[in-house]
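This report looks at how the parts of one assembly meet. It takes domain pairs within chains, then a pair of chains.

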Amino acid sequence: MSKKMHIQINVNGKDQEFLAEPRELLIYTLRERLNITGPHIGCETSHCGACTVTIDGKSVKACTMFVAQASGKSITTIEGLGDPDNLHPLQSAFKEHHGLQCGYCTPGMITRASKLLEENPNPTEEEIRFGMAGNICRCTGYQNIVKSIQAAAAEMNAAQEAAE
Amino acid sequence: MKDELDNREERVANLKGMGCSRKRVEDARFTQGKGNYVDDIKLDGMLFGDFVRSPYAHARIKSINTEAALQVPGVLAVLTAADLAPLGLHWMPTLAGDKQMVLADGKVLFQGQEVAFVVAEDRYAAADGIEAVEVEYEELPVIVNPFESLKSDVVLREDLDPKAPGAHGPRKHHNHIFTWEAGDKETTQEVISNAEVVAEESMYYHRTHPCPLETCGCVASMDKVNGKLTLWGTFQAPHAIRTVVSLISGIEEHNIRVISPDIGGGFGNKVGAYPGYVCSVVASIVTGKPVKWIEDRMDNLMTTAFARDYHMTGKISATKEGKITGLHCQVVADHGGFDACADPTKFPAGFMNICTGSYDIPTAYLEVDGVYTNKAPGGVSYRCSFRVTEAVYFIERMIEVLAIKLNMDAAELRRINFIKKEQFPYKAALGWEYDSGDYHTAWDKALKTVDYEGLRKEQAERVEAFKRGETRKIMGIGLSFFTEIVGAGPVKNCDILGLGMFDSCEIRIHPTGSAIARLGTISQGQGHATTFAQILASEIGLPADSITIEEGDTDTAPYGLGTYGSRSTPVAGAATAMAGRKIRAKAQMIAAYLLEVHDNDVEFDVDRFVVKGAPERFKTMKEIAFAAYNQAIPGLEPGLEAVSYYDPPNMTYPFGAYVCVMDIDVDTGVPEIRRFYALDDCGTRINPMIIEGQVHGGLTEALAVALGQEIAYDDMGNVKTGTLMDFFLPTAWEVPNYETDFTVTPSPHHPIGAKGVGESPHVGGVPCFSNAVQDAFRPFGNTHTNMPHDHWRIWRTANELGLHS
Amino acid sequence: MIPAAFEYHRPKDMAGVLAVLEEHGDDARVMAGGHSLIPMMKLRMADVPHLIDLQDVGGLSDIDVQSDTIRIGALVTQHDIITNDALTAVAPILREAALQIADPQVRYMGTVGGNVANGDPGNDMPGLMQCLDASFTLVGPNGERTVAAREFYEAAYMTAREDDEVLTAVVIPVPSGGYAYEKQKRKIGDYATAAAAVQLIKQGDTCVHAAIAMTNLSDTPIFSEDAGAALIGTSLDDAALKAAVAAMLNDIDPTEDNRGPIAFKKHVAGVILRRAIERAWSRA
């Protein structure tokens, strides 16, 4: 055990302060310390993306970041993307287009997709497949995930246009 | 009249019953991060357990020193075999009639084997404790090849009497487990030796792993006050786990509650019982606190539940015209250090005897020898019914090899040998009775859709262009026609640990016309909560949206054997329909009473019972439900509940026709899937959207297995593919779009005619992808090359065929 | 997978970094994005009692494009490279290569400094930097020094960087001519089976400059002077391509791993190199 550090992070808009060993992995901080269990653990070597969260505007695999590194940063997880009365268009689209089966990869998948659409609101199928290649799904074969993201993009763009 | 018709359609639509693409009820929680997987469970005072694992594949354990580990802050206990032995828990029975060490008892038999269990206050202390356990090993000779194992003087299983028979009969050698036969050996050999044409091939179906995205794990909580043990875990068969835990721990079954929460994919990985479960239970009993154990990915790939590892040698005989006359299949099965295959008791090689496939083969013989090696135990059915992927791969390769020998088109060879529609129910040479099929229709539809003749023409042109030096890419057309055997199964011949493989459904209709149904199965992503409600909606006339489906809690759900081998729809789906029909039968009596007519004078119509010939006189199911609770009906008990335990009369036999078009760069060995067409016939279709999703997923797992996914060992028994860098799980970038299609040939013996679909695409997909690779090289002289077809192995084939010179 | 305990340091400036390095010697390691180091620590294959996180050190995150040179700070990520239009305008090979590294999430965290300093033969940037004749800026207790990328790599994980030095920047002469970064891998997220970085300058029909390096085919990246020389003065006819490939095959020394045996790797190295040269030439 090493000396505990003072950590300050903002998760889904809420400031969190606590003492933690620096080796505590961010994914465990979220899941076990803060009970934010949407992000999951799949591979632990940064290949599967089940633990994907957004940190200061970047899609990050939370299994490969120490909480000490994250101190001072703002983190968004699937729980921060929408709520039951106000779902993110991706959350509705994944249901509508059967973009999930066991659901284990889904929080990371949707969190990553939200960032992808932020950076590229009109992605081609190829861009979606390339932009989502850091997230592994064992159930769907991706075809309906691509469809879900395309549908969400269309909906978000239509909403954007309507607003303008 | 038209209004009435519209109204009826509307009523049907309102039910969201069978046949509609109902959106999944599971998705709300999963898309919002509110699933409840086992690692999400957090209990007061919960401890963490994790294993010290053997770095060696075969070694004697000289000593285990836990002193330093117990000094690590936060470490509470370190369990070894010596601690478990007084409880008789240092070994546990396997599903295959063998036994397996829970913690290393004197020696280890595979790399990663569980040696000691460290229990600590958190994950970090447990990890530090593992580092501090000192184990002294004496390395022993390692055997990773089953053929060598059968010749070796080295005794792997010193605990077994080499002369005594095993669970499946006599053993030929100290490293031999069983011989299992099906069919007529002598006749088959005679037919083959007298045949006009015989094709022979040896093939290795490599070892791989189901690798669901969520690894295995559990939380055991022994409540010493009430004497109750609760065990949450990644169990594909929670009820069977409860029985096993009771049998090995001595805790009475009513004092054990097993809960499978949401499961992050199973694919066969979560059928078996693992040492982690046993150690967690013991640790919870010892400490009086809840204990969590969660595998990491390396543990998962190295220790729990490999699949395949079949060395198969085949002979297939035919007339000169291509009519198949006989099939001979000999298998050497590598089971690793313990025989922990998850098969029905009487089937140590699963349903490998479905290896005559979709063809009318009059004579056949199968022999399987199981062998111990220094590899991990398992032998689960990875997204297939028991060993059916191996069987289908074998026959679909043998057909291709025979076509080459006959110089005949492989599509035509299949066509002339298919079991004909009028032959069903068809009794196969190796014992199974196929329930229904219409293979010719499916095959013709598939070939026509992909313009098979056009593809062959294009391929021939490509071969010429390649020979002229105009291209370095060759083209393969992969064909596969598969018949699965799923829905284990009839209790008379299928059991696991003596538990008959029936399944169950219990329904309670609430007074206001909604319902809860509980089943003995457990979804791992298949969407049971959505589809079983659809079955019930059609059967009992209440909207699917008003029906809650619950599975996985042994305290509330009726006993069932779980979800694997595509058995949920064929068995539990049937139980659901049958329980629904019991509800309907009682509802009919209630309706007749309310309508003041004889029971036989009312008939069911979508969501109501109507008086025959007077459609304006009816009672809706909602009204009937309320009446069941508020009317005193003479001769009827109050309430509206039913339970059904369904023992299927036969398996179901889904089938399908797949075509893959692939381009291969001969210089780099890189394959590119240009097109994939999948026609599936799973009988009655409950939810087309979910079926299509299952097909996409199964095909993607097939792609992975065919094109690179393997558990590889070096000569020292070290696992070379322990992380997702090396163990191939394709990303969205590597996966094509699939074209799906279907025909419908209902199962005649299933209450709703459904056959199951989750595994078909994997079973049929693997040979299709493999055949595409092999077919690309066929014009250059290739007959067979083993999977996985990763870049270097494809390159090697090209190289050996002289395509690089 | 839980790493051993360590002390975490997040200095605000380079002096602070050097002080920790000086105090703890071999026991201290600097980390940028951590996507190479953290998995190794989790697998307990890397023991790092003192971890120095560079993220707060100023001046390491800039991409500075000048007329002659490009300076890329050590903390610039692959994602930064991909999205920097000014950089792509002058040195498009950097973007082409960065897109072929790992996956989107890893590219947000993976840095140029970490990629080149680590000495992992699987990393793509070292070979690329050798092709571009980049130099690395190292800061240590005795001040700053510069080492050419082509001189930097000694063996797997062994480089010219001393334990008490930190790689702070990569300086690249602005390249000209045609370029290509060609990589064969098993899947997204994999290291290269073979990868080639090529920069060519064409005058008329003649190649007047050629720089070629390859990745993951030896225990270091391989800059093959002979391969480049085989192209210079030619019009890249078949004989010249064959000579370049032969020269490269003479310089690489691949080992067998899960990606395949040596013969396969050598063959693929030749194919990938040839394709990279042809593509670079078509852009020259």
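## Interfaces between domains and chains

No salt bridges are found across the interface of domain 1 and domain 2 of chain A; the count is zero. A salt bridge here is a side-chain nitrogen of Lys or Arg within 4 Å of a carboxyl oxygen of Asp or Glu.

This is a predicted model: local features need pLDDT of at least 70, side-chain atom pairs count only at pLDDT 80 or more, and totals for chains, interfaces and linings use all residues. Residues are numbered from 1 along each chain as its sequence is written, chains are lettered from A and ligands numbered from 1 in the order in which they are written, and side-chain values use heavy atoms, with hydrogens and water left out.

**Chain A.** Domain 1 of chain A spans 5-80 and domain 2 spans 89-163. Such bounds come from an automatic or database domain assignment. The two C-alpha centres are 22 Å apart. Contact (heavy atoms within 4.5 Å) joins 19 residues of domain 1 of chain A to twelve residues of domain 2 of chain A. Eight residue pairs across this interface are in polar contact, both residues at pLDDT 80 or more. A polar contact is a pair of N or O atoms within 3.5 Å; within protein, one must be able to donate a hydrogen and the other to accept it, and residues adjacent in sequence count only if both atoms are side-chain atoms. On the domain 1 side, strand S3 (52-55) and strand S4 (58-61) of chain A are the elements that give two or more residues. Helices (H or I, at least four residues) and strands (E, at least two) are DSSP runs, numbered from the N terminus. That side of domain 1 of chain A holds six nonpolar, eleven polar and two charged residues. Ala, Val, Leu, Ile, Met, Phe, Trp, Tyr, Cys and Pro count as nonpolar, Asp, Glu, Lys and Arg as charged, and the others, Gly among them, as polar.

**Chain C.** Chain C has domain 1 (7-53), domain 2 (63-173) and domain 3 (178-283). The C-alpha centres of domain 1 and domain 2 of chain C lie 19 Å apart. Between these two domains there are zero salt bridges. Residue pairs in polar contact, both at pLDDT 80 or more, also number zero. Helix H1 (14-24) and strand S2 (28-31) of chain C each supply at least two residues to the domain 1 side. H1(C) gives the most, with four residues. This side of domain 1 of chain C divides into six nonpolar, three polar and two charged residues.

**Buried area.** The values below give the accessible area (1.4 Å probe) that two parts lose on being put together, summed over both.

| Pair | Buried area | On carbon and sulfur |
|---|---|---|
| Domain 1 and domain 2 of chain A | about 1100 Å² | 54% |
| Domain 1 and domain 2 of chain C | about 990 Å² | 71% |
| Chain B and chain A | about 4600 Å² | 53% |

**Chain B and chain A.** B:Tyr124, B:Leu213 and B:Trp733 lose the most area in chain B to chain A, together 17% of what that side buries. In all, 57 residues of chain B are in contact with 54 residues of chain A. Six salt bridges are counted between the chains. In one salt bridge, A:Glu96 meets B:Lys23 at 3.9 Å, N to O. Polar contacts link 26 residue pairs, both residues at pLDDT 80 or more. Helix H2 (27-31), helix H5 (123-132) and helix H18 (688-707) of chain B each supply at least two residues to the side that touches chain A. H18(B) provides the largest share, nine residues. The chain B side comprises 23 nonpolar, 18 polar and 16 charged residues.
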